[in-house]
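Reader: I would like a close look at one part of this protein, the salt bridges and what surrounds them. Please take one exposed residue as a starting point and work inward from there.

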Amino acid sequence: MGIEIPKYDPSAFSLGRELLEWLESITFAGVVAFFLFTFVVRLVTVEGHSMQPTLEEHDRLVIQTINYEPELGDIVVIKLPDERPLIKRIIAMEGQTIDIDFDNGIVYRDGEMLEEPYILEPTYRSKDVEFPATVPEGCIFVMGDNRNHSSDSREAAVGMVPLERVVGKAVFRFMPLETIGGLYDNLEGSAQTGVGMELVPVE
């Protein structure tokens, strides 16, 4: 009883090797993406309307989490002691003094009126924090862009936010597709002067 030895087909061998190389490339890309999204950035989805008109409910964002140093005007995700995540804009840093004229809706930082092209409407709504207020060392003062419908540093439940509670900076919107792009493209200069791979909901 004999056996049949298949004829050597170099084209089949070449195809198999090419498929193996593709598989290796895909595996490598998957590993890189895993570490990227686990240790460098996170993906979040916005819940609520406190950052209108800059952000809308259900917007999906990329958050930079590594090697991030907070700066004025940055949109950041913070976690309160009750683990509730919020997304707000940095208005003042440690040592700076914030005062708000609620009658006229004007915010002052160190005595200078802020130019705020990103807000939905002037800041008329006061909470239970008294002003003027100076930001303590190691903290930031944050507010939502929808000033009259935002839980932020104007109320004691949020207050001055310790830097260790800053998860990261929102840098890019990838959904919905019609608004895909950077979050600061139309605010050049104004902000400074005036993932795990889960989708984390932020208010």
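Author: Leucine 177 counts as exposed because its relative accessibility is 61%, and the cut-off for that class is over 50%. Leucine 177 sits in the loop between β11 (166-175) and β12 (181-182). Together with Phe172, Met175 and Ile180, Leu177 makes a nonpolar surface patch of about 360 Å². For the chain as a whole, the exposed area is about 11700 Å², with carbon and sulfur atoms supplying 57% of it.

Before going inward, some background on the model. The model is predicted. Its mean pLDDT is 81, and 71% of the residues reach 70 or more. Two stretches fall below 50. In residues 28-35 the pLDDT is below 50, and beyond near neighbours in sequence that stretch has 1 contact in the model. Residues 186-200 are also below 50, but this stretch has 38 contacts beyond near neighbours in sequence. The chain holds 1 helix and 13 strands, and along the sequence the helix is followed by the strands. Of the 203 residues, 40% are buried.

Now the salt bridges, of which the count comes to 7. One of them joins lysine 169 and aspartate 74, with 3.5 Å between the closest N and O atoms. Lysine 169 belongs to strand β11, while aspartate 74 is in the loop between β2 and β3 (75-79); the two are 95 residues apart, and the pair links distant parts of the chain. Lysine 169 has a relative accessible area of 19% and is therefore buried, the limit being under 20%. Aspartate 74 is buried as well, at 4%.

A second pair is lysine 127 with glutamate 155, whose side chains meet in a salt bridge at 2.8 Å, N to O. Lysine 127 is in the loop between β7 (112-113) and β8 (133-134), and glutamate 155 is in the loop between β9 (139-143) and β10 (161-162), so this bridge ties together parts 28 residues apart in sequence. Both lysine 127 and glutamate 155 are buried.

A third pair has another setting. Aspartate 82 and arginine 84 form a salt bridge through their side chains, at 3.6 Å from N to O. Aspartate 82 is exposed because its relative accessibility is 52%. Arginine 84, at 25%, is partly exposed.

Two further buried residues belong in the picture, though the contacts described for them are of another kind. Threonine 45 is in strand β1, and its relative accessibility of 13% makes it buried. The side chain of threonine 45 reaches the backbone oxygen of aspartate 59 at 3.5 Å. Glutamine 52 lies further along, in the loop between β1 (41-46) and β2 (60-64). Although it is in a loop, glutamine 52 is buried, with a relative accessible area of 18%. Leaving aside neighbours within four places in sequence, glutamine 52 is in contact with Leu120, Asp145 and Asn146.

To return to the request: leucine 177 is exposed at 61%, whereas the bridge between lysine 169 and aspartate 74 has both partners buried. The partners lysine 127 and glutamate 155 are buried too, while the third pair combines an exposed aspartate 82 with a partly exposed arginine 84.

How values were computed:
Residues numbered from 1 in each chain as written. Predicted model: local features only at pLDDT ≥ 70, side-chain atom pairs only at ≥ 80, totals over all residues. Heavy atoms only, no water. pLDDT = per-residue confidence, 0-100. Contact = heavy atoms within 4.5 Å. Helix = DSSP H or I, 4+ residues; strand = E, 2+ residues; numbered from the N terminus. Buried < 20%, exposed > 50% of the residue type's maximum accessible area, 1.4 Å probe, protein only. Areas by Shrake-Rupley, 256 points an atom, 1.4 Å probe, with all protein chains shown as cover. Patch = residues over 30% accessible without salt bridge, like charges linked within 9 Å, V, L, I, M, F, W, Y side chains within 5 Å. Salt bridge = Lys/Arg side-chain N within 4 Å of Asp/Glu carboxyl O. Polar contact = N/O pair within 3.5 Å; in protein donor to acceptor, adjacent residues only side chain to side chain.
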